Amino acid sequence: MKNIPKHNARVPFWLRWLVPAVLVVAWLAIAGIGGPTFGRLSEVSSNDQASFLPAGAEATAAQEWQAKFRDSKEIPAVIVIESDSAFTPAQLGEAAALKGKLAALQAGSTVIGPIPSEDAKAVQFVVPIASAGEVKTVIKELRDEVRASAPEGMRTFVTGPAGLTADLVSAFAGIDGILLLVALGAVFLILLVVYRSLLLPIAVLFTSVFALCAAILLVFGMAKLGWIQLNGQSQGILSILVIGAATDYALLYVARFREALTHTTNRTAAALTAWKAACEPILASGATVIIALLCLLFSDLNSNKALGPVAAAGILCSLFAALTLLPAMMALLGRAAFWPFRPKLLPATEREPELVTGLEGQKGLWGATGSLVSRRPRTVWIASVLLLLVAAAGVLQLKANGVPQTDVILAASNAVDGQDALARHFDAGSGSPAVIVADEAKAQDVLAKTKASAGVGDAYLLAEGSVPIVAGAPGAPAAPAVRDGKVLINATLNYAADSNEAENVVLDLRRELKQTDGGALVGGVTATALDTNTTAQRDLVTIIPVVLAVILVILMLLLRSVLAPVLLVASVVLSYGAAMGVSAVVFNHVLGFPGADATVPLFGFVFLVALGVDYNIFLMSRVREESIKHGTRPGILRGLGVTGGVITSAGVVLAATFAALGVIPIMFLVQLAFIVAFGVLLDTVLVRSLLVPALAYDIGPLIWWPSKLGRPATDAAARDLPPAREPETADAGIR
């Protein structure tokens with residue numbers, strides 16, 4: 001409470017009005033530019049598989065070679081026309097007439113087909129689409145044309161990599177509208193309940209929305225310059241993370257502002273006092289999350305590498321908004337922000353009560369919680385640990401080794417249905433062949449071994465000027481295309497390209513072909529999925545220790561202690577394990593998911609550990625502040641009491657915003673939504689409210705070891721200090 005004006009002093013005009021007004025206008029300008037940019041993110045966003053490729057994987061190297069054999073970037077769409085009975089000659093003629101219409105709709109290479117199935121109940125076409133950026137539009141046109149031109153009474157599907165990509169883009173389409181509306185609506189309702197005020201929730205939401213506008217502007221610029229690869233997944237997480245984090249920081253600042261208003265009638269002084277008190281924990285919290293997210297740069301997955309700086313940019317903008325825009329609005333509004341329940345000025349004797357037990361003046365839920373912690377601390381923290389361990393046991397049921405791409409989309413999908421139809425009548429891997437790059441001199445040997453490999457339906461060399469050859473295509477040329485001494489072989493697998501069986505075939509091919517051609521590469525859709533899952537699992541081992549080490553160092557610097565940070569990190573890791581254990585049970589036995597994306601455990605860890613430590617930072621920074629004044633044990637109870645409401649509110653807000661991800665029908669986002677929402681609530685309600693305070697209370701002053709505050713003599717001296725008195729405040733200031 002230093003540097004507050006004397007009773008007869010007035011806060012300068014520039015500090016009362018000019019600085020806050022300039023800050024608000026500056027943020028309005030940022031929002032005015034960043035808001036419209038939201039609609040332009042599709043210009044720099046990609047949802048095709050290339051944006052998720054592991055940078056150093058064999059599938060990536062194979063794709064780079066594959067690009068040399070094509071004049072343009074093409075992605076194949078597979079059209080399937082299915083009947084309950086065998087096609088008649090007239091119906092086959094109608095299907096053949098469709099080829100010319102399909103060729104007119106796409107700008108890629110020659111359309112292949114119609115290729116009849118062995119049971120004569122289906123035909124397929126392969127339509128290479130020239131531009132991945134226009135996949136959604138072209139696929140819609142293809143579906144409309146096929147539906148209108150196919151023989152009457154037949155079922156039509158447009159599937160393959162292009163069809164699945166188009167449906168994935170459609171599923172992500174809700175990110176721009178529905179996701180934000182649900183998230184902002186949930187936050188607004190929670191803030192109404194917390195503050196019982198109309199103006200303050202709007203101010204907090206403005207802070208979050210303006211932070212998001214700034215983040216979008218920053219991310220758009222980075223993507224435009226080619227620094228990052230943006231996709232729908234990272235775009236959705238960015239929106240949720242910014243809204244949740246900015247609201248959390250705002251809640252902490254508003255709590256300090258409300259407290260300051262009970263000590264002064266000068267709104268500018270209150271805004272500055274709150275800023276000084278909230279700045280350190282908010283900066284420490286933001287730095288923790290930013291650095292943890294940037295640890296994703298150590299990943300070998302392009303999608304993970306992209307998410308790191310994208311999300312970190314969002315947190316950075318949240319920090320700036322919470323520490324500039326919100327204080328400016330509060331300085332202008334003062335007590336009016338809390339209307340109709342404005343905080344009242346307390347008598348000087350009630351502003352800083354003398355603490356003996358730490359429970360003085362505490363009532364309600366947090367008074368009862370503090371009483372429980374103080375009476376039976378060891379029982380409370382042991383019971384909490386045991387409960388978390390039981391929940392964590394469910395992690396043994398987690399099946400995070402990837403899921404077929406057809407299971408990723410949870411909404412109705414013509415492409416997914418088409419994959420099923422394709423498997424009923426053709427080699428299941430039709431349209432998504434394995435791609436093999438081999439030396440020209442060993443091409444025939446590699447081709448022969450590929451054809452002989454179990455699980456391979458057929459294999460062909462790629463001819464000059466040709467598209468990938470599908471089994472059964474008439475007139476397949478024999479002269480291979482050669483690029484820098486390499487040839488390309490397409491192998492149609494007997495299994496769906498996104499199945500575990502197909503991945504096993506790719507593993508066998510890689511092992512067998514290396515014996516013939518040591519430089520042979522096996523790529524394609526299946527190989528990409530396999531390498532992505534393998535890399536994601538390896539990232540867990542690489543990134544988790546780095547994140548934990550970074551967070552530990554930040555906590556040590558903030559709390560000036562070693563023991564407390566170690567215990568806090570351990571508690572958050574235990575909470576993460578419990579959240580993943582419960583999530584595994586829910587995914588398997590409640591929601592009936594076939595598994596989980598291989599990146600889910602890593603993303604869950606980064607978000608839960610970084611955000612979970614956030615709440616411990618908010619709690620323990622206040623506990624340390626109170627411990628310096630009153631001693632460790634009273635300080636713990638005092639810190640728990642004064643931060644309990646605001647941290648719980650912050651946890652509920654963050655859980656609600658992440659839960660909003662569940663409205664997007666993508667399995668990865670639904671799973672991440674549940675993991676983070678449940679994990680945040682678990683951390684807020686159990687870990688931060690009971691486990692951490694009880695453990696710290698049981699240990700006592702040693703929790704601050706090896707700092708001076710951890711010495712018994714210092715702790716005793718703190719308890720003997722008279723309560724701190726507030727200096728006189730500027731009652732004459734603007735109210």
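This report walks through the overall make-up of a predicted protein model, then one sheet and a few of its helices.

## The big picture

Let's start with the whole chain. The protein has 22 helices and eight strands. It has 735 residues, and 56% of them count as buried. The surface the protein exposes comes to about 28,400 Å², with carbon and sulfur atoms supplying 63% of that area.

What about contacts along the chain? Take the contacts between residues at least 6 apart in sequence: 82% of these join residues at least 24 apart.

## A four-stranded sheet

Now zoom in on the strands. Four of them make an open sheet, and the order across it is 2-3-1-4, with antiparallel pairing. Which strands sit at the edges? Strand 2 (112-116) and strand 4 (155-159) do, since each pairs on one side only. From one strand to the next, the twist averages 15 degrees.

Have a look at how strand 2 meets strand 3 (residues 122-129): the two run antiparallel and are joined by three bridges. If you want a spot to find in the viewer, try Ile115, which stands opposite Gln124 in strand 3.

## Helices on the sheet

Two helices are worth finding here. Helix 3 (residues 89-105) lies across strand 1 (75-82), strand 2 and strand 3, and runs at about 5 degrees to strand 3. Helix 5 packs on the sheet too, touching strand 1, strand 3 and strand 4. The direction of helix 5 makes about 95 degrees with that of strand 1.

Helix 5 itself covers residues 160-172, which is 13 residues. From first C-alpha to last it reaches 18 Å, close to the 18 Å expected at 1.5 Å a residue. Eleven of its 13 residues are buried, so helix 5 is largely enclosed by the rest of the structure. Among those buried residues are Gly160, Pro161, Leu164, Leu168 and Phe172.

## Helix 16 and its buried side

Further along the chain is helix 16, with 17 residues (500-516). Its reach is 25 Å from the first C-alpha to the last, close to the 24 Å expected at 1.5 Å a residue.

Which residues of helix 16 are buried? They are Ala502, Glu503, Val505, Val506, Leu509, Arg510 and Leu513. These residues cover an arc of only 150 degrees around the axis, which puts them on the same side of helix 16. Here is the general idea behind that kind of pattern: an α-helix has 3.6 residues a turn, so residues three or four places apart point the same way.

Key
Residues numbered from 1 in each chain as written. Predicted model: local features only at pLDDT ≥ 70, side-chain atom pairs only at ≥ 80, totals over all residues. Heavy atoms only, no water. Buried < 20%, exposed > 50% of the residue type's maximum accessible area, 1.4 Å probe, protein only. Contact = heavy atoms within 4.5 Å. Areas by Shrake-Rupley, 256 points an atom, 1.4 Å probe, with all protein chains shown as cover. Expected span 1.5 Å × (residues − 1). Arc of directions from axis to C-beta. Pairing = 2+ DSSP bridges. Axes fitted to C-alpha atoms, helices over the stretch in contact; angles between N-to-C directions.
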